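Here is a set of short exercises to work through with the structure open beside you. Try each task before reading its solution.

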Amino acid sequence: MEQTASVSFYTVAEINVLIKSLVENNPHLNNIWVKGEIYNLTYHSSGHIYFTLKDDTSTVSAVFFRYANKNLKFKLEDGMKILAYGGITLFEKRGSYQFNVIQIRPEGIGELQKRIEQLRKRLSEEGIFDKSRKIGLPFLPKRIGIVTSPTGAAVRDIIKVALRRYPNIEIIIAPAKVQGEDAPKSIATAIKELNKPEWMIDLIIAGRGGGSFEDLMPFNEEIVVRAFADSKIPIISAVGHQIDHPLCDDAADISAPTPSAAAEIAVPVKSDIVDEIEYFKIRMSNYITRIFSQNKISLQNVVSKRVFKNPFEILNMRQMTLSDVENRMTYSMKNSVSVMKEKFLKIRDIHQLQKKIFIQKRHDFELSVQKINSSSPLNIMSKGYSVVFDGNKSVINSIKKVKPGDKVNIKFIDGTSGAVIDSVIKEK
């Protein structure tokens with residue numbers, strides 16, 4: 001926008017740019033359906049289609065570019081009544097607007113779309129599309145069932161992709177019509193058939209390749225939608241649609257944009273699974289090796305202890321403990337007597353008392369020594385007792401552990417001798 005001393009103005013280009021922005025950003029003028037009759041139809045050599053849409057009182061120019069009309073399934077003609085989907089755009093150079101068409105349907109399809117939306121609402125209120133009804137897909141299905149035309153491209157695409165990803169997968173085909181009046185019943189029957197236990201199906205893929213709105217209508221029929229929703233086996237909707245969104249997508253456990261994509265969702269890549277298994281095998285092997293090494297070290301530490309190398313170590317340790325206690329008690333008693341003696345010597349006329357106390361203390365000391373000696377294994381052995389060991393140096397403490405002819409070792413207080421068991425007499 002330019003300005004003079006007191007006047008501001010737009011250039012023609014600027015006003016067209018402004019209007020274009022306002023028009024193309026207006027939600028009421030974009031992504032809309034327009035109903036009208038075709039006239040002044042022109043199929044351009046570039047592949048674009050130009051025509052005018054009119055009703056009883058008005059007209060609007062329209063363009064159907066090649067990238068958008070390449071999937072058109074019927075030929076446009078002057079006088080044809082249609083529903084056109086798209087948005088308003090402005091051609092800046094001429095300052096004229098036109099309707100940029102993305103999709104075209106014959107006018108009669110509008111009634112079908114209305115019926116579909118009514119069915120969608122009714123089934124939604126019934127809970128057919130609730131997420132709580134969805135079943136999770138198996139990680140690795142052993143056998144998958146396919147519901148589609150046995151002669152169409154969809155079944156070939158599914159089989160090709162599935163076997164490429166996992167060659168061991170088993171595939172069962174339930175042939176069904178996917179177009180025409182008999183298609184809805186045929187599809188629903190095939191889904192119910194694959195749900196029978198005798199087929200042992202883990203996963204179902206049901207659908208068809210792309211097509212016109214009319215071609216996809218069987219997958220919007222109530223009988224088919226309910227068959228998808230009632231399937232006890234996880235089911236993938238594989239209708240090759242683009243803009244249209246058939247009701248079976250909402251009823252299925254998972255929806256895929258194409259049959260090939262459905263096979264990719266259903267079947268994992270075998271090599272990836274093998275690699276993951278190998279990874280966990282290595283981790284498990286390393287873990288087991290580490291635990292084994294730790295336990296081996298712990299066992300070696302235990303075995304290396306002196307007591308396991310020489311069983312007599314237990315006896316020696318007990319004897320040393322008793323000797324230490326005896327020495328400490330002897331020292332303690334002598335020290336106590338000495339202290340008391342000094343105290344008594346300092347007191348006059350207590351010689352007799354001192355002697356009496358001394359005698360008593362000595363008596364107590366001798367009793368303590370006797371108790372110590374009586375608990376010593378060596379003292380017991382000095383009385384004629386001995387300890388009998390088998391060939392493994394294990395103590396034999398029961399007649400049940402020997403039989404005639406067994407060689408044993410007898411430990412005396414001053415040495416060891418060998419012997420052979422002559423007889424075994426069990427005491428009653």
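Two strands count as paired if DSSP finds at least two bridges between them. Keep in mind throughout that the model is predicted.

**Exercise 1. Partners in the strands**

Task: Find which residue of β6 stands opposite Val34, and work out in which sense β3 and β6 pair.

Solution:
- Step 1. Begin with the two strands: β3 covers residues 32-43 and β6 covers residues 81-91.
- Step 2. Look across from Val34, and you meet Ala84 in β6.
- Step 3. Follow the pairing along its course: β3 and β6 run antiparallel, with six bridges.
- Step 4. Now turn to strand β4 (residues 49-54), which is antiparallel to β3 and joined to it by five bridges. Ile38 has Leu53 as its bridge partner in β4.
- Step 5. Finish at the turn. Five residues separate β3 from β4 in a hairpin, and Gly47 in the turn has a positive phi of about 105 degrees.

**Exercise 2. Aromatic pairs and charges over rings**

Task: Classify the ring pairs Trp33 with Tyr85 and Tyr279 with Phe280 as stacked, tilted or edge-to-face.

Solution:
- Step 1. Recall the cut-offs: planes under 30 degrees apart are stacked, those over 60 are edge-to-face, and the rest are tilted. The count of aromatic pairs comes to three.
- Step 2. For Trp33 and Tyr85, the ring centres are 5.0 Å apart and the planes lie at 50 degrees, so this pair is tilted.
- Step 3. Place that pair in the sequence: Trp33 belongs to β3 and Tyr85 to β6, so the contact ties together parts that are 52 residues apart. Trp33 is partly exposed, at 39% relative accessible area.
- Step 4. Tyr279 and Phe280 are edge-to-face, with 65 degrees between the planes and 5.3 Å from centre to centre. Tyr279 is partly exposed at 46%, and Phe280 is partly exposed at 43%.
- Step 5. Check for charges too. The charged end of Lys75 sits over the ring of Tyr43, 4.1 Å from its centre, while Lys270 lies over the face of Tyr166 at 5.6 Å from the ring centre.

**Exercise 3. A helix and the sheet strands it packs against**

Task: Describe helix α5, and state which elements its buried residues pack against.

Solution:
- Step 1. Helix α5 spans residues 183-194, which is 12 residues. From first C-alpha to last it reaches 17 Å, close to the 16 Å expected at 1.5 Å a residue.
- Step 2. Pick out the buried residues of α5, among them Ile187, Ile191 and Leu194.
- Step 3. Use a general rule: an α-helix has 3.6 residues a turn, so residues three or four places apart point the same way.
- Step 4. List what the buried residues of α5 pack against: β8 (143-148), β9 (170-175), β10 (203-208), α6 (222-230) and β11 (235-239).
- Step 5. Look at the sheet order. Five strands form an open, parallel sheet, β9-β8-β10-β11-β12, and its edge strands are β9 and β12 (254-255), each pairing on one side only.
- Step 6. Zoom in on one pairing: β8 and β10 run parallel and are joined by four bridges, with Val147 opposite Ala206 in β10.

**Exercise 4. Salt bridges**

Task: From the salt bridges in the whole structure, trace the one between Glu222 and Arg122, then look at two others.

Solution:
- Step 1. The whole structure holds 14 salt bridges.
- Step 2. In one of them, Glu222 meets Arg122 at 2.9 Å, N to O. Glu222 is in helix α6 and Arg122 in helix α3 (residues 109-126), so the bridge ties together parts that are 100 residues apart in sequence.
- Step 3. Consider accessibility: Glu222 is partly exposed at 25%, and Arg122 is partly exposed at 41%.
- Step 4. Widen the view: Arg122, Glu126, Glu222 and Arg226 are linked in a network of salt bridges.
- Step 5. Return to the sheet, where Glu170 and Arg143 form a salt bridge with their closest N and O atoms 2.8 Å apart. Glu170 is in β9 and Arg143 in β8, so this pair ties together parts that are 27 residues apart in sequence. Glu170 is partly exposed at 28%, whereas Arg143 is buried at 18%.
- Step 6. End with Lys403 and Asp406, whose closest N and O atoms are 3.4 Å apart. Lys403 is exposed at 52%, but Asp406 is buried at 19%.

Notes: Residues are numbered from 1 along each chain as its sequence is written. This is a predicted model: local features need pLDDT of at least 70, side-chain atom pairs count only at pLDDT 80 or more; totals for chains, interfaces and linings use all residues. Side-chain values use heavy atoms; hydrogens and water are left out. Rings of Phe, Tyr and Trp (its six-membered ring) pair if their centres lie within 6.5 Å; planes under 30 degrees apart count as stacked, over 60 as edge-to-face and the rest as tilted. Buried means under 20% relative accessible area, exposed over 50%, partly exposed in between (1.4 Å probe, protein chains only). A charge sits over a ring if NZ of Lys or CZ of Arg is within 6 Å of the ring centre and within 35 degrees of the ring normal. The expected span of a helix is 1.5 Å times one less than its number of residues. Contact means heavy atoms within 4.5 Å. A salt bridge is a side-chain nitrogen of Lys or Arg within 4 Å of a carboxyl oxygen of Asp or Glu.
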